[in-house]
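This report is a short introduction to one structure for a reader who has not seen it before. It takes up cysteines, nonpolar cores, a surface patch and some backbone features in turn.

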Amino acid sequence: MDVIAAISTANALSAIGIVRVSGEGCFALCDKIFQPAGGGLFSVSRSREMVLGRLLDQEGRVVDSCLAVRFPGPASYTGEDCAEFHCHGSPVVLGEALSALFAAGARQAGRGEFTKRAFLNGRMDLTQAEAVIDLIESETAQAARNAVEQLGGALRSRIEPVYDGLLDSASRFYAVVDYPDEDIEDLTREDTLAALNRAERTLETLLATAGRGRILRQGVPTAILGRPNVGKSSLLNALVGYDRAIVTDVAGTTRDTVEERAAVGGVLLRLIDTAGIRETRDEVERLGVERSRRAAEAAELALLVLDGSQVMTEEDHAAAEAARMVPRTLVVINKSDLPRRLEPAALEGLGPVLSVSAREGTGLEALERAVGALFPPGAAPAGEVLTNARQTEALGRALEAVRGARSALLEGLTPDAVLSDVERAMNALGEVTGRTLREDLTARIFERFCVGK
């Protein structure tokens, strides 16, 4: 493969910036833009050891004093020769280094191309490759732990036994049919049924994690509901940690939905600060209230904000009715720093009740614990939670095919009818891990049964 290069860190001022290079001949190419401080050539320096030196632009002028390191293939990230330049984090310096590499013969790497090469070179399967971007994009500790375990092969280790069990059944069937003169044990109904039952249980267990995985990756749609001026925007600002929404003493300041993401109690929430729910003649505010009601209909969690220093009003009751449409609700009594006038009896049946002062930042720890209790981590080990819609869809098709094969077997249909669904399941599983059905099937036949001796 040709040599590719890219800046691997953010395009912003930072302490350190990294330029990555990969491909056959990349070490000799790097010699053209990097001079080790101790003399000699970078291409013959010791592998996996940082080398101090001078970074040159395409005109041969020094642009930085940096560190460089070689990763000879196949024991590298991409499975081929790789190098990295660890520079001072100026976008100008990094751009000059990249331009020099292009002038020396490298080309710009495409999106995800280093990881794509790692997959093509057998350094990782598809579940691991997709875990890389999940880890980069993770917004909670739980999401990061799940991604890093998948990067280590946790999901693959659950799927491969299912694939191998189905492959054993299929390969034995084809060996008997294609080589009738060989002394090969015939496929038994009991063995096939056992393999299908194991596959069904494993796939059902994995697919049961998809709901939790969606929360880890996308977050919980959360509507902050309440009448005007109860502190909804103040609560949003307190949860996200900065002044995201405008806060004033004027009722009706928020006239449209304001959305932000925040990790609360270890759970990623997609917070939607809504316009205060009330009857109004103001056309703009009326549209905002209508959007608030629609946000409540689409939410999985409602934070019903009430002013604890006042008694419940008709507008509070209207907001409470909107919250009742949401599967889960937390009642947040705001302004706890003021004397309490709100009657607790008015809150019965709405959900757990918490007392906070969004302005003072008190009571937020209890709110975080309550959110965490509503969305517990679940029993699935880290790495075995499905966060990828493509993987979930493919495993769903695999489960459907396994159930079809099981039904065909129990109904006494011909073996080829059973094997048709088995192969369909294997193809779907192969879409998740990247394995190729025909190559695996052929290799397994010759490996297990001494065929063609």
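How many disulfides does the structure hold? The model, which is predicted, holds zero disulfides. For Cys26, the nearest cysteine sulfur belongs to Cys30 and is 5.2 Å away, and Cys26 is in no disulfide. Because a disulfide needs two cysteine sulfur atoms within 2.5 Å, the 5.2 Å between the sulfurs of Cys26 and Cys30 does not qualify. Cys66 is likewise in no disulfide; the nearest cysteine sulfur, that of Cys87, is 4.3 Å away. Cys26 counts as buried, with 0% relative accessibility. Cys66 is also buried, and its relative accessible area is 2%.

The interior comes next. The largest nonpolar core has 31 residues, and Leu166, Leu395, Val422 and Leu429 are those with the most contacts inside it. Two or more residues of this core come from each of the elements α6 (154-178), α7 (189-207), α13 (389-410) and α14 (415-433). Helix α13 gives the largest share, nine residues. Leaving aside residues up to four places away in sequence, Val422 touches Leu166, Ala170, Leu196 and Ala405. There is also a second, separate core of 27 residues, which includes Val220, Val258, Leu303 and Phe375.

Nonpolar residues are found on the surface as well. Met50, Leu52 and Leu67 form a nonpolar patch there, and together they have about 260 Å² of accessible area. Leu67 belongs to strand β5, residues 62-71. With a relative accessible area of 33%, Leu67 is partly exposed.

Which residues does a cis peptide bond join? The bond lies between Gly73 and Pro74, with omega at about 5°. Pro74 sits in the loop between β5 and β6 (82-89).

Two residues other than glycine have a positive phi, as the table shows.

| Residue | Phi | Loop | Relative accessibility |
|---|---|---|---|
| Asn229 | near 70° | between β8 (220-225) and α9 (232-240) | 33% |
| Lys335 | about 65° | between β12 (328-334) and β13 (353-355) | 23% |

Are these residues buried or partly exposed? Asn229 counts as partly exposed at 33% relative accessibility, and Lys335 counts as partly exposed at 23%.

Definitions and conventions:
Residues are numbered from 1 along each chain as its sequence is written. This is a predicted model: local features need pLDDT of at least 70, side-chain atom pairs count only at pLDDT 80 or more; totals for chains, interfaces and linings use all residues. Side-chain values use heavy atoms; hydrogens and water are left out. Buried means under 20% relative accessible area, exposed over 50%, partly exposed in between (1.4 Å probe, protein chains only). Patches are made of residues with over 30% relative accessible area and no salt bridge: like charges are joined within 9 Å, nonpolar side chains (Val, Leu, Ile, Met, Phe, Trp, Tyr) within 5 Å. Accessible areas come from the Shrake-Rupley method with a 1.4 Å probe; for residues, only the protein chains shown count as cover. A salt bridge is a side-chain nitrogen of Lys or Arg within 4 Å of a carboxyl oxygen of Asp or Glu. Helices (H or I, at least four residues) and strands (E, at least two) are DSSP runs, numbered from the N terminus. A nonpolar core is a set of buried Ala, Val, Leu, Ile, Met, Phe, Trp, Tyr and Cys residues joined through side-chain atoms within 4.5 Å. Contact means heavy atoms within 4.5 Å.
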